[in-house]
Amino acid sequence: MALLNYIIPDQGFEVVGGLIVSILRTEFANQEVLSADSNINPEVFLERFVSIGKEKIPAINVTTSRGNITTNTTVSRNGDYNWFIDVYAKAKSSDGVRADELASKRLKKMIGRIMVILEDPQYRVLGIEQPAGIGRTFIADIAIADPTEVDEATSSIMGRLTFTVNITDVPQLLGANAINGYQTESQIDDTGKGHEFTEEPTV
């Protein structure tokens, strides 16, 4: 017989990845309009495991990395969860400027925009309601992969941000059963005297 007689709600780490993707899609599309730079409007994926070919670049892929539970009580669970934000950029040589140099500049531009977007105070809690929800968010790490391309005419490069989100989840609490009647006795030392408190159960 099942003991959990309720539908288990989504936990925080289940929904944060989708929120990150939604925010990045919206803000990058807006930046393309504001800057008129179509080279830095990436396609944003969630949990994509299929390799990203050159035809999909520029691109961003958000994947769940790990969670470190720091507090776990009967009323709440809190921890820091990490997401990898992988960023892909490419470029062709132009006006005497090497393709690898241009690709690197575009990659850094995309990474910089991601940092500014996710660190903006308006996105501090990613839209999750308080007090249960998100306590803080921050960029924990940035890494640029060693380029593997040797083609002078066209180059692609990849970088990774580690985005940390502190999440509090509040589990379903068990309802208390009302006491129906009671009997309590107390005795004063060894005198044999005391009190008895009784309430008859209701029908």
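Which residues make the nonpolar surface patch of about 440 Å²? The answer is Leu3, Leu4, Tyr6 and Ile8. Before going further, I should say that this is a predicted model.

Take Ile8 from that patch. Ile8 belongs to the segment before helix 1, and helix 1 covers residues 12-35. Is Ile8 buried or exposed? Its relative accessibility is 56%, so Ile8 counts as exposed; the cut-off for that word is over 50%.

Now the overall layout. The protein chain has two helices and seven strands. In sequence order, they follow the pattern α-β-β-β-α-β-β-β-β. The chain has 203 residues, and 31% of them count as buried.

Next, helix 1. This helix has 24 residues, and at 1.5 Å a residue it should span 34 Å. The C-alpha atoms at its ends are 34 Å apart, so the expected span and the model agree. Part of helix 1 is covered: Gly12, Val16, Gly17, Ile20, Val21, Ile23, Leu24, Glu27 and Phe28 are buried there. Note that Glu27 is on that list of buried residues. After helix 1 comes Ala36, which has a positive phi, near 55°.

Helix 1 also takes part in the next topic, aromatic rings. A pair of rings is described by two things, the distance of the centres and the angle of the planes. How many aromatic pairs does the structure hold? There are two.

One of them is formed by Phe13 and Tyr81. Their ring centres are 5.9 Å apart and their planes are at 5°, so this pair is stacked; planes under 30 degrees apart get that label. Phe13 is in helix 1 and Tyr81 is in strand 3, residues 77-92, so to speak a link between distant parts of the chain, 68 residues apart. With 37% relative accessibility, Phe13 counts as partly exposed. Tyr81 has a relative accessible area of 9%, so Tyr81 is buried.

Tyr81 also pairs with Trp83. Here the centres are 6.5 Å apart with 40° between the planes, and the pair is tilted. Tyr81 and Trp83 are both buried. Taken together, the ring pairs link Phe13, Tyr81 and Trp83 into a cluster.

On to charges. Side chains of opposite charge can pair when their charged atoms come close. How many salt bridges are there? The count comes to six. I will go through some of them.

Arg136 forms a salt bridge with Asp80, and their closest N and O atoms are 3.0 Å apart. This pair also links distant parts of the chain, with Arg136 in strand 4 (residues 134-144), Asp80 in strand 3, and the two positions 56 residues apart. Arg136 counts as partly exposed because its relative accessibility is 41%. Asp80 has 18%, so Asp80 counts as buried; the limit for buried is under 20%.

Another salt bridge joins the side chains of Arg160 and Asp86, at 2.6 Å from N to O. Again distant parts of the chain are linked: Arg160 is in strand 5 (residues 154-169), Asp86 is in strand 3, and they are 74 residues apart. Are the two partners buried or partly exposed? Arg160 has 29% relative accessibility and so counts as partly exposed, whereas Asp86 has 5% and so counts as buried.

Arg160 has a second contact to mention. Over the face of which ring does Arg160 lie? The ring is that of Phe84, with Arg160 at 3.9 Å from the ring centre. There is a similar arrangement to show at Arg48, whose charged end sits over the ring of Phe45, 4.6 Å from its centre.

Back to salt bridges for one more pair. The side chains of Glu101 and Arg98 meet at 3.7 Å, N to O. Glu101 is partly exposed because its relative accessibility is 29%. Arg98, with a relative accessible area of 43%, is partly exposed too. Which residues do shared partners join into one network of salt bridges? They are Arg98, Asp100, Glu101 and Lys105.

To recap: a nonpolar patch on the surface that includes Ile8, a ring cluster of Phe13, Tyr81 and Trp83, and six salt bridges. That is the end of my part.

Key. Residues numbered from 1 in each chain as written. Predicted model: local features only at pLDDT ≥ 70, side-chain atom pairs only at ≥ 80, totals over all residues. Heavy atoms only, no water. Patch = residues over 30% accessible without salt bridge, like charges linked within 9 Å, V, L, I, M, F, W, Y side chains within 5 Å. Areas by Shrake-Rupley, 256 points an atom, 1.4 Å probe, with all protein chains shown as cover. Salt bridge = Lys/Arg side-chain N within 4 Å of Asp/Glu carboxyl O. Helix = DSSP H or I, 4+ residues; strand = E, 2+ residues; numbered from the N terminus. Buried < 20%, exposed > 50% of the residue type's maximum accessible area, 1.4 Å probe, protein only. Phe/Tyr/Trp six-rings, centres within 6.5 Å; stacked < 30°, edge-to-face > 60°. Lys NZ or Arg CZ within 6 Å of the ring centre and 35° of its normal. Expected span 1.5 Å × (residues − 1).
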